[in-house]
Structure formats: C-alpha cells, structure tokens
Amino acid sequence: MVPSTMTEMWTTMGSTIASFMFVWAILRQYCPYEVRCYFEKYTHRIMGFFYPYIKISIHEFTGDRLKRSEAYAAVEAYLSVNSSKSAKRLKAEMGKESTNLVLSMDEYERVTDEFLGAKVWWVSSKVVSPTRSMPYYPEPEKRYYRLTFHKRYREIITETYLEHVMREGKEIRVRNRQRKLYTNSPGYKWPSYKQTMWSHIVFEHPATFETMALEPEKKLEIIEDLVTFSKSKDFYARIGKAWKRGYLLYGPPGTGKSTMIAAMANFLNYDVYDLELTAVKDNTELRKLLIETTSKSITVIEDIDCSLDLTGQRKKKFEKSSEDDKEKIDKEASRREQREESNSKVTLSGLLNFIDGLWSACGGERLIVFTTNYVEKLDPALIRRGRMDKHIELSYCSFKGFKVLAKNYLKVDNHPMFDTIERLMDDTKITPADVAENLMPKSPSDDVEKCLSSLIQALEEGKEEEAKKKEEVAAEKKAEESKETVKENADKSRVDKETEEKL
C-alpha cells in the first residue's frame with residue numbers, strides 16, 4: 001500500500017513540475033519582455049519578505065569595463081587561501097616564486113567562511129550575454145563573486161567583515177604578487193573586450209642599485225627620491241596633485257638607462273609597462289592604454305626622440321630660405337607624412353595629456369620614465385618640470401663606477417692596476433657597457449689580470465682615437481679659418497679695386 005502511494009505521489013509531483021516548466025517556457029517565449037521584467041521584479045520583492053538571506057555581488061569590471069575592480073582582486077586573493085583548503089574545483093597560477101603555485105576557486109565553485117560567529121558563503125560565477133554576436137567579436141564574460149549571509153549578521157558583514165576581506169586580500173596579493181613586464185599590442189589585435197590591450201611576461205631582470213656603475217652620491221639621491229615618492233600618498237592628496245612622478249633619463253648609448261629602469265622597478269617592487277608609441281594608432285588608443293595600467297607601476301617610453309615626430313619641429317613659415325633649404329624641408333615633410341600614414345598618429349598634444357592630463361590621475365603610485373640619447377632634440381614642453389619632474393643624466397663611466405663593476409664581475413675591491421685605469425679614465429670617455437664587456441671573462445682561463453689588461457688596452461685605444469679626432473677637428477677648424485681668411489682677403493681686394501676704379 002505504501003509503495004503504491006509513494007509512486008502515485010512522485011508521479012503527481014513529476015506531472016506538476018513538467019506542467020509548470022511547460023507553462024514557464026510558453027511564458028518566456030510569448031510573453032512580452034516588459035511584462036516578464038515587471039513580474040520578476042515584484043516576485044523578487046515578495047520573496048524578499050520571506051527569504052532571510054542577503055546577497056552582495058562584487059563584479060570584476062565596473063562601468064564600461066574600463067578597469068579591473070580592486071575589490072574583485074582583493075576578494076580573489078582572500079578566497080585563494082580559504083578555497084585551497086575546502087573547495088573541490090580549483091585553478092592554479094604561478095606565484096611570486098616560479099616554483100610556487102597559487103590556488104583559487106574555479107568558476108561556479110562555492111566555499112564557506114566564518115567570521116565572529118557569522119557564517120557566509122562565497123560563490124564564483126559569470127554571466128555570458130545571451131545575444132548572439134559575430135564570431136570575431138564575441139561578447140565579454142562578466143565574472144563576479146557573490147557573498148550570501150543571514151540578515152541577522154548584516155551589521156557584522158557590512159561594517160567589519162568586508163573591511164577584513166579587503167585588508168587581508170591586499171596583503172595576500174602583495175605576498176603572492178608576481179611582477180610583470182608588459183608591452184602594448186597594435187590596436188587591430190583587440191578583437192574583443194576579452195582580449196587585453198597589454199601582453200606580459202614575468203619580470204625577472206636582476207638589476208639593482210648596488211650593481212649599477214654610478215657614483216654613490218647619485219645613487220643615494222635617486223633612492224631617496226624614490227622612497228619619498230612611494231610614501232607621499234597623503235602629501236600628494238593634500239597639495240592636489242595626482243600621485244605620479246616623471247623621470248627623464250638621458251645620456252649617450254650604453255650608459256645604463258634601461259638598467260636604471262629595471263633597478264627602479266626592483267627597488268619599489270613595481271610592474272613595468274614598456275609602451276611602444278609606434279604601435280599606438282592615435283591619441284584615443286593611447287588614453288585607453290593608460291587606463292588599463294595598474295597602480296604601483298612604471299610606464300616607460302624608451303628612445304622617445306626616435307619613437308615619433310615629437311621633437312618640437314612644429315609648423316613654421318620659411319619665408320627666407322634658399323632653394324636647398326626648401327628642398328630639404330619638403331623631403332623631411334614628405335617622410336613625416338609617410339610615417340604618419342603607415343604608422344602612428346599620436347600627436348605631441350596627445351602625449352602631453354597622457355603624461356599630466358585629466359586621465360593621468362587614474363590609478364595612483366605610478367612613475368612615467370622617458371629615455372633619450374639626445375635630450376636637446378625633445379620639445380621643451382615635453383620635458384618641463386611637472387611632467388618630467390626629475391632629470392637624471394647617465395654619462396660616461398667614472399672610476400667609482402668602474403670599481404662597482406670590478407667588484408661585480410671580478411670580485412676585487414682593489415688591485416695594483418687600478419691606478420693605471422684611473423689615470424686613463426680621467427682622459428678617456430668610455431661607457432659602462434664597454435667597461436663591463438672588457439671586464440667579463442671570455443673563457444675559463446681569463447683571470448683578473450687579463451680582464452683588467454683588456455680594459456686598459458681598450459682605454460688606450462680610446463685615448464688614441466680621441467686624440468685623432470681632436471687633431472682632425474683642429475685641422476678642419478684650421479682649414480675653415482684659412483678659407484675665411486682667403487675669402488676676406490679676396491673681398492678686401494675687390495673692394496679696393498672698385499674704390500680705385502671710382503676714383
């Protein structure tokens with residue numbers, strides 16, 4: 001009797017559910033969208049009187065997907081610790097050390113957490129747009145975390161627990177953070193929002209200020225400036241300026257400008273965004289790239305004098321030019337137009353706004369670094385104080401810089417051959433890159449004396465080349481003076497002759 005009754009009950013329940021699903025499918029297909037929205041809105045409102053749980057959603061992107069939410073990243077880091085212990089489906093990513101894996105919740109996974117006696121549930125989920133899209137331009141997936149808790153714990157959760165999650169999440173992110181080196185992709189490679197504007201690899205450059213061939217005084221000055229900047233959040237807010245700082249690194253090739261950037265990033269534990277201006281289509285694209293950068297980062301534009309036509313050669317009227325000058329100007333203008341048509345249309349104005357315009361205030365704790373071999377070619381508006389706040393000249397290697405390199409490469413602090421090297425370096429210009437190349441052992445048999453002898457030989461050859469160049473310059477100057485003298489004498493003779501004829 002009982003089995004028969006149970007069978008009838010399950011049969012009736014199944015028929016009821018099937019009927020309900022059929023009616024619901026008909027309503028969804030034929031009922032107007034506005035009516036369904038109205039019905040669902042009031043259904044949720046009615047259920048709210050009886051449903052005792054509160055839900056909070058934290059989405060990955062806010063607004064028009066301009067920037068990843070810091071709250072979402074903090075929750076993701078916080079849950080990575082809890083989920084690795086209790087979740088059944090996990091995803092793994094590389095951590096700060098290349099041998100460590102950081103585990104976090106997979107999509108649609110659920111974990112439980114407790115805080116001051118309050119039990120909460122976290123769910124990782126995503127929303128995919130139901131509308132069909134073009135295959136090359138798919139709609140973005142909107143990921144989010146949903147927090148659920150009983151309404152009796154509202155005050156604990158909203159006032160204490162969420163603050164605890166944000167604080168712990170940020171600390172975990174710092175511990176697990178793996179610094180990255182980014183580069184921008186051309187705009188035509190952004191087929192959808194799902195693909196990022198920046199591609200990256202792990203930043204593993206070993207450069208530090210201790211290994212740089214710089215005078216101790218200059219090192220200390222740069223380090224103090226960086227430390228002061230990193231601790232000046234309240235100061236920048238008080239004076240009404242965006243929390244950013246510009247550095248201009250200039251000097252001959254091989255003087256360590258790129259190494260300086262790596263040392264700055266390692267010292268501050270910042271990410272590096274290497275911006276290739278020639279791959280940026282226009283000013284709007286440049287602004288989008290800026291928005292996608294994170295705080296605690298260095299945005300770098302290397303060899304900015306070679307990147308685009310940003311050297312201050314603005315449109316001028318050449319009214320009194322010779323035919324040769326006009327021909328040169330026309331050729332230069334033609335080459336510039338060809339570059340603009342085939343490559344980037346970023347303007348000087350757009351770059352200036354990128355550095356210190358309204359959009360430059362998005363995010364915080366950011367450095368902007370320009371490097372150039374020819375600082376005199378740059379437009380003064382680009383490198384003035386306020387944009388490039390600190391100008392750092394990286395010049396030829398000094399004897400103090402050589403001693404740093406000798407300690408790094410040869411592990412020696414002093415040597416009898418140092419006196420000869422010091423004397424030669426006072427009279428010869430040599431870059432740190434050339435010094436390092438000569439100090440580097442080329443075979444297992446190369447010892448300290450052989451490496452130092454190689455450097456001495458390079459310095460002597462450089463001294464001879466500089467002497468030859470000076471002689472050539474002196475000879476050219478003497479030849480020019482002779483030509484001027486001959487010309488002056490000829491002009492004087494002509495004037496005297498004309499004067500005699502008139503008399």
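# A tour of the model, from sheet to loops

Among contacts between residues with a separation of 6 or more, 70% join residues 24 or more positions apart; a contact means heavy atoms within 4.5 Å. This is a predicted model, in which local features need pLDDT of at least 70 and side-chain atom pairs count only at pLDDT 80 or more, while totals for chains, interfaces and linings use all residues. Residues are numbered from 1 along each chain as its sequence is written, and side-chain values use heavy atoms, with hydrogens and water left out.

**Whole chain.** Show everything as a cartoon. The protein has 16 helices and 15 strands; these are DSSP runs numbered from the N terminus, helices being H or I with at least four residues and strands E with at least two. Of its 503 residues, 35% count as buried. Buried means under 20% relative accessible area, exposed over 50% and partly exposed in between, with a 1.4 Å probe and protein chains only. The protein exposes about 32400 Å², and carbon and sulfur atoms supply 54% of that area; accessible areas come from the Shrake-Rupley method with a 1.4 Å probe, and for residues only the protein chains shown count as cover.

**The seven-stranded sheet.** Select strands 10, 9, 12, 13, 14, 11 and 15, which form an open sheet in that order with mixed pairing. Two strands pair if DSSP finds at least two bridges between them. Strand 10 and strand 15 (390-393) stand at the edges with a single partner strand each, so one side of each has no neighbour in the sheet. Neighbouring strands of the sheet are turned by 20° against each other on average, direction ignored. Axes here are lines fitted to C-alpha atoms, for helices over the stretch in contact, and angles run from 0 to 180 degrees between N-to-C directions.

Start at the strand 10 edge. Strand 9 (residues 180-184) runs antiparallel to strand 10 (residues 198-202), and five bridges join them. Asparagine 184 has tryptophan 198 as its bridge partner in strand 10. Next, strand 9 pairs in the parallel sense with strand 12 (residues 271-274) over three bridges; there threonine 183 has aspartate 274 as its bridge partner. Strand 12 in turn runs parallel to strand 13 (residues 297-301), with four bridges between them, and tyrosine 273 stands opposite threonine 299 in strand 13.

Now add helix 7 (residues 257-268), which packs on the sheet and touches strand 11 (244-250), strand 12, strand 13 and strand 14 (366-372). The direction of helix 7 makes about 170° with that of strand 14. Helix 11 (residues 348-356) also packs on the sheet, touching strand 11, strand 13 and strand 14, and its direction makes about 140° with that of strand 14.

**The cores.** Which residues have the most contacts inside the largest nonpolar core? They are Phe209, Leu226, Met260, Met264, Ile298, Leu367 and Val369, in a core of 27 residues. A nonpolar core is a set of buried Ala, Val, Leu, Ile, Met, Phe, Trp, Tyr and Cys residues joined through side-chain atoms within 4.5 Å. Helix 7 gives the largest share of this core, seven residues. Zoom in on valine 369: leaving aside neighbours within four places in sequence, its contacts include Tyr247, Leu249, Ile261 and Met264. A second, separate core of 25 residues includes Trp198, Leu275, Ile304 and Val346.

**Aromatic pairs.** The structure holds 14 aromatic pairs. Rings of Phe, Tyr and Trp (its six-membered ring) pair if their centres lie within 6.5 Å; planes under 30 degrees apart count as stacked, over 60 as edge-to-face and the rest as tilted. Select tryptophan 122 and tyrosine 161: their ring centres are 6.5 Å apart and their planes at 40°, so the pair is tilted. Tryptophan 122 lies in strand 7 and tyrosine 161 in helix 4 (residues 154-176), so the pair ties together parts 39 residues apart in sequence. Both residues are buried. Add Tyr78 and Phe115 to show one aromatic cluster with Trp122 and Tyr161.

**Three loop residues.** Leucine 116 lies in the loop between strand 6 (110-115) and strand 7 (118-128). Its phi is near 50°, a positive value in a residue other than glycine, and leucine 116 is exposed, with a relative accessible area of 65%. Asparagine 269, in the loop between helix 7 and strand 12, also has a positive phi, about 60°.

Finish at threonine 431, between helix 14 (418-427) and helix 15 (432-439). Is threonine 431 buried or exposed? Threonine 431 is buried, at 8% relative accessible area.
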